There are 2 protein chains.
Amino acid sequence: MRKTAAVLIIGDEILSGKTKDVNIGYIAEKLTSIGIDMKEARVVSDDYEHIIATLNNLRTKFDYVFTCGGIGPTHDDITSAAIARAFGVDLIEHPEAMLRLTDYYIERQLPLNEARRKMGIIPTGAKLIDNPISTAPGFYLENVFTMAGVPRIMQAMLDFVLPMLQKGTPIKSATLTESAFEGDFAADLTAIAAKYKTLSFGSYPHMIDGKISTSIVIRGDDDLSEAENEIKSMLEKYKR
Amino acid sequence: MRKTAAVLIIGDEILSGKTKDVNIGYIAEKLTSIGIDMKEARVVSDDYEHIIATLNNLRTKFDYVFTCGGIGPTHDDITSAAIARAFGVDLIEHPEAMLRLTDYYIERQLPLNEARRKMGIIPTGAKLIDNPISTAPGFYLENVFTMAGVPRIMQAMLDFVLPMLQKGTPIKSATLTESAFEGDFAADLTAIAAKYKTLSFGSYPHMIDGKISTSIVIRGDDDLSEAENEIKSMLEKYKR
């Protein structure tokens, strides 16, 4: 069985539309590539109780949960506190985190004030996720991985996290795209899908310059080549 | 009170990372602009039971729910069936939908086969959402609006839906951006936020060419100008 995962994006700015999320798609692609099944993604606002309830729901349902956002130094960064509360543990100053922050800010001649110290205060029992970009670490506790929201920092943190996860065999996948209409080939596609029961067949129409083309994505653990050939012939037949 | 909303994106292709979602951000921006509060977004796979459970959760918690994806003609389009089931109603062939589909396909000399007819089969009691791009309609039932996943079609459907919603006064918003570090100004920002209790202050660092700048977003129903001036002075003070 492949491990399952969920992503939790935390931040008012995503729900107001001011900032467009790119972390869901990035994490989805990375997890898929190492054979972990992303089953759900959620976006919630900077609302303490909502974060706690959502996290407790996701962490019991999925093998891994990845959170993005809300671990900075400002008053609206409440993710660490919410996660501590979700796990029923206290926040503590993490010695190694504090050491890293001290070194980083001394080197840059910036004060390690209370706001910056806050970034070294994490739930009791949590371990650090390295941040090679701006030092302030993420952390993980049981199956929950808490990362920054800034995409470049999140991506660097994810690189640190990925080797810790239990990988699966990446699901095989083939995509065939043709200027064909779903409504033309749907019955044929249903018949092919019924024949290859262990594979899944997704059909995704696109609009490119007002012209419709469709991608068929075949996914599964078994060999795809036979199904791929059938889909290719089918699309050829219905090409417009 | 502003109305609340949630978005539900349905589709394996988003969770595999193959297709990157752009609908959450688009809908978020539109709803914000008409004074509706988007409170949550979720992405789930083409899993019948998961769609039903998620939809029933969201539609009882929020005033409006917008779904995207899974209403096409192929076997993997199961949203209409899942929504009917969530509401405990049957699917029926909607006469007006069928008329539109018939006209559209006759004009294009395409067969109105079973797959295409499926797009006119919607939950009993649902009303149509116009699709000026490719005709096959979305639908709405109570507080749930079901739209296509293809962004251009979803956007056209949303244009049809927006006038039906109970608008609120759009929340006032001001964004100030400066090459300043959150860790420098966090204490000052906390003090300002404490002073203007009816406003919210979000702090969002960005990385542009490896250089950090931060945007402070002030939001609220009261006049923002005084708080805006204070934030401006604060950012000026900590500019680097």
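**Exercise 1. The open sheet of chain A**

In what order do the three strands of the open sheet of chain A stand, and is their pairing parallel or antiparallel? Work out which strands are at the edges, and place the helices that pack on the sheet.

Solution. The structure is a predicted model.

Step 1. The strand order is β9-β11-β10 in chain A, and the pairing is antiparallel.

Step 2. The edge strands are β9 (172-178) and β10 (200-208) of chain A; each has a single partner strand, so one side of each lacks a neighbour in the sheet.

Step 3. On average, neighbouring strands of this sheet are turned by 20° against each other, direction ignored.

Step 4. Take the pair β10(A) and β11(A), the latter covering residues 211-220: these antiparallel strands are joined by nine bridges. One residue pair to locate is Gly202(A), whose bridge partner in β11(A) is Val217(A).

Step 5. Now add the helices. Helix α8(A), residues 182-195, packs on the sheet and touches β10 and β11 of chain A. The direction of α8(A) makes about 165° with that of β10(A). Helix α9(A), residues 225-238, also packs on the sheet, with contacts to β9, β10 and β11 of chain A. Its direction makes about 10° with that of β9(A).

**Exercise 2. Strand β2 of chain A**

Find the pairing partners of β2(A) and the sense of each pairing, then decide how far the strand is enclosed.

Solution.

Step 1. Within chain A, β1 (residues 4-10) pairs with β2 in the parallel sense over seven bridges. Val7(A) has Ala41(A) as its bridge partner in β2(A).

Step 2. Across the chains, β2(A) pairs with β2 of chain B (residues 37-44) in the antiparallel sense, over five bridges. Here Val43(A) has Ala41(B) as its bridge partner.

Step 3. Residues count as buried under 20% relative accessible area. Six of the eight residues of β2(A), residues 37-44, are buried, so the strand is largely enclosed by the rest of the structure.

**Exercise 3. The contact between chains A and B**

Describe the interface by residues, area and polar links.

Solution.

Step 1. Chain A gives 58 residues to the contact and chain B gives 58 residues.

Step 2. About 4500 Å² is buried between the two chains, and carbon and sulfur atoms give 59% of this. Leu15(A), His75(A) and Met207(A) supply 13% of the area that chain A buries against chain B, more than any other three residues.

Step 3. Four salt bridges are counted between the chains. In one salt bridge, the side chain of Glu29(A) meets that of Lys20(B) at 2.6 Å, N to O. There are 20 residue pairs in polar contact across the interface, both residues at pLDDT 80 or more.

Step 4. Elements of chain A that give two or more residues to this side include α2 (23-33), β2, α7 (151-161), β10 and β11. The largest share, eight residues, comes from α8(A).

**Exercise 4. Two positive phi values in chain B**

Compare the settings of Gln109(B) and Thr135(B): in which loop does each lie, and is each buried or exposed?

Solution.

Step 1. Gln109(B), although not a glycine, has a positive phi of about 55°. For Thr135(B), also a residue other than glycine, phi is near 75°.

Step 2. Gln109(B) lies in the loop between α5 (95-107) and α6 (114-117) of chain B. Thr135(B) is in the loop between β6 (127-129) and β7 (138-141) of chain B.

Step 3. The relative accessibility of Gln109(B) is 73%, so it counts as exposed. Thr135(B), by contrast, has a relative accessible area of 16% and is therefore buried.

Notes:
Residues are numbered from 1 along each chain as its sequence is written. Chains are lettered from A and ligands numbered from 1 in the order in which they are written. This is a predicted model: local features need pLDDT of at least 70, side-chain atom pairs count only at pLDDT 80 or more; totals for chains, interfaces and linings use all residues. Side-chain values use heavy atoms; hydrogens and water are left out. Two strands pair if DSSP finds at least two bridges between them. Helices (H or I, at least four residues) and strands (E, at least two) are DSSP runs, numbered from the N terminus. Axes are lines fitted to C-alpha atoms, for helices over the stretch in contact, and angles run from 0 to 180 degrees between N-to-C directions. Contact means heavy atoms within 4.5 Å. Buried means under 20% relative accessible area, exposed over 50%, partly exposed in between (1.4 Å probe, protein chains only). Buried area is the accessible area (1.4 Å probe) that two parts lose on being put together, summed over both. A polar contact is a pair of N or O atoms within 3.5 Å; within protein, one must be able to donate a hydrogen and the other to accept it, and residues adjacent in sequence count only if both atoms are side-chain atoms.
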